[in-house]
Amino acid sequence: MGNVSGLEDPEAARASLLASGVVKEVIPGMVYSFPVFTETFLKLIMEEVRGFYKTKLPAKRPNSMNNYGIILNDIGLEPLMFAMQDAIIQPLAAVLFPREGSELESHHAFTVRYKGNEDTHLDVHTDDSDITFNVNIFGEYEGCPLVFCGIVGAPDHRHFRTAYQHKLGHAVMHSGRHRHGAEDITGGERMNLIVWSYSYNFRQSAASKKKHKREKSPPDLRCLSYTHDRDYGHFKEYPPGKKSQYFGRGWCPQKGKEYPGFVPETPSGGRGGSGNLAGEL
């Protein structure tokens, strides 16, 4: 692949990286995929994960939306995760996402698991990260595609862009602000390793401030969030057990940023604030 991160022209570096054929665009300029883990490494990391589960020790939830997974820094893998960030994530993020990915200095690393009778899907959301690195480490499953919509705050952020099917050992990299979700798993078990990376300098910059624009039209059904959207119940039935938790509590779109003809699911119209979206797929 070469040392493309050392090229002075960001566009030239990106073009060189894509021309290598190693990194492929899932959504041009927004979401990328590439092979990253060998079969040997996958077996080793799964041995660590399965070994921890066998101990029956308690594990904190990996984030605010996933119920099943492990925070990898909590089981002794923090040095490995920092090494991965330095050797893989940082060089690629600097080229593919130079604004938010050029100076990554901290992270939150964890696994997530989808299977029947556990988490079968993950509602559409954005991540609490600047750059998200997401690798499938166990893949004997059916269904559960990763759905991508738009960037939070954009007029089309609730419009469907593509559905990506995870590949064993392959990573997906995208901005944490990209709305996405995992649809229902229909068989087997899927496990992914996630690294949320953060840039202090980017977060202190004017470019990091979220600016919400008025939505241009109603959302696509695959991009609706029962956790966050004020109009979810106007378009879809809630999944079992979710209505009592989330009905009338949405914030999106922000009040004053609604598309023409917007109808909230409750007379109060929901919270209409900024929201705290944090999950991973």
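# Close-up views of the predicted model

**View 1. K60 is exposed, with a relative accessible area of 55%.** Here, exposed stands for over 50% relative accessible area, buried for under 20% and partly exposed for what lies in between, computed with a 1.4 Å probe on protein chains only. Before we go on, a note on the model: it is predicted, so local features need pLDDT of at least 70 and side-chain atom pairs count only at pLDDT 80 or more, while totals for chains, interfaces and linings use all residues. Residues are numbered from 1 along each chain as its sequence is written, and side-chain values use heavy atoms, with hydrogens and water left out. The side chain of K60 meets that of D74 in a salt bridge, 3.7 Å from N to O. Both K60 and D74 belong to the loop between helix 2 (39-55) and helix 3 (78-96), 14 residues apart, and the pair links distant parts of the chain. D74 is partly exposed, at 48% relative accessibility. The term salt bridge asks for a side-chain nitrogen of Lys or Arg within 4 Å of a carboxyl oxygen of Asp or Glu, and by this rule the model holds 13 salt bridges. Helices (H or I, at least four residues) and strands (E, at least two) are DSSP runs, numbered from the N terminus.

**View 2. D128 and R203 form a salt bridge.** The closest N and O atoms of D128 and R203 are 3.8 Å apart. Because D128 sits in the loop between strand 4 and strand 5 and R203 in helix 5 (residues 200-203), this pair ties together parts that are 75 residues apart in sequence. D128 is partly exposed at 35% relative accessibility, and R203 is partly exposed too, with a relative accessible area of 34%.

**View 3. R158 and E215 meet in a salt bridge through their side chains.** The N to O distance in this pair is 2.7 Å. R158 is in the loop between strand 6 and strand 7 (162-164) and E215 in the loop between helix 5 and helix 6 (232-235), so distant parts of the chain, 57 residues apart, are linked. Take a look at accessibility here: R158 is buried at 0%, and E215 is buried at 3%. Zoom out a little and R158, R179, E215, D229 and D231 appear as a network linked by salt bridges.

**View 4. Y226, Y232, Y238, Y246 and F247 make up one aromatic cluster.** Rings of Phe, Tyr and Trp (its six-membered ring) count as a pair if their centres lie within 6.5 Å; planes under 30 degrees apart are called stacked, over 60 edge-to-face, and the rest tilted. This rule gives 10 aromatic pairs. In one of them, the ring centres of Y226 and Y232 are 5.9 Å apart and the planes stand at 85°, so this pair is edge-to-face. Y226 is buried, with a relative accessible area of 7%, and Y232 is buried as well, with 4%. At F247, K243 lies over the face of the ring, 5.0 Å from the ring centre. For such a contact, NZ of Lys or CZ of Arg must be within 6 Å of the ring centre and within 35 degrees of the ring normal.

**View 5. The charged end of R50 sits over the ring of F138.** The distance from this charged end to the centre of the F138 ring is 5.0 Å.

**View 6. N117 and C144 have positive phi values.** As background for this view, most residues other than glycine have a negative phi. Phi of N117 is near 70°, and this residue is found in the loop between strand 3 (106-115) and strand 4 (122-125). Phi of C144 is near 60°; C144 belongs to the loop between strand 5 (131-143) and strand 6 (146-151). Their surroundings make a nice contrast: N117 is exposed, with a relative accessible area of 81%, whereas C144 is buried at 0%.

**View 7. C252 and P253 are joined by a cis peptide bond.** Omega of this bond is about -5°. Most peptide bonds are trans. P253 has its place in the segment after helix 7 (243-246).

**View 8. P98 lies in helix 4 (residues 98-101).** P98 is partly exposed, with a relative accessible area of 38%. Add R14 to the view and you have two residues that are 84 residues apart in sequence, with P98 and R14 at 9.7 Å in space, C-alpha to C-alpha.
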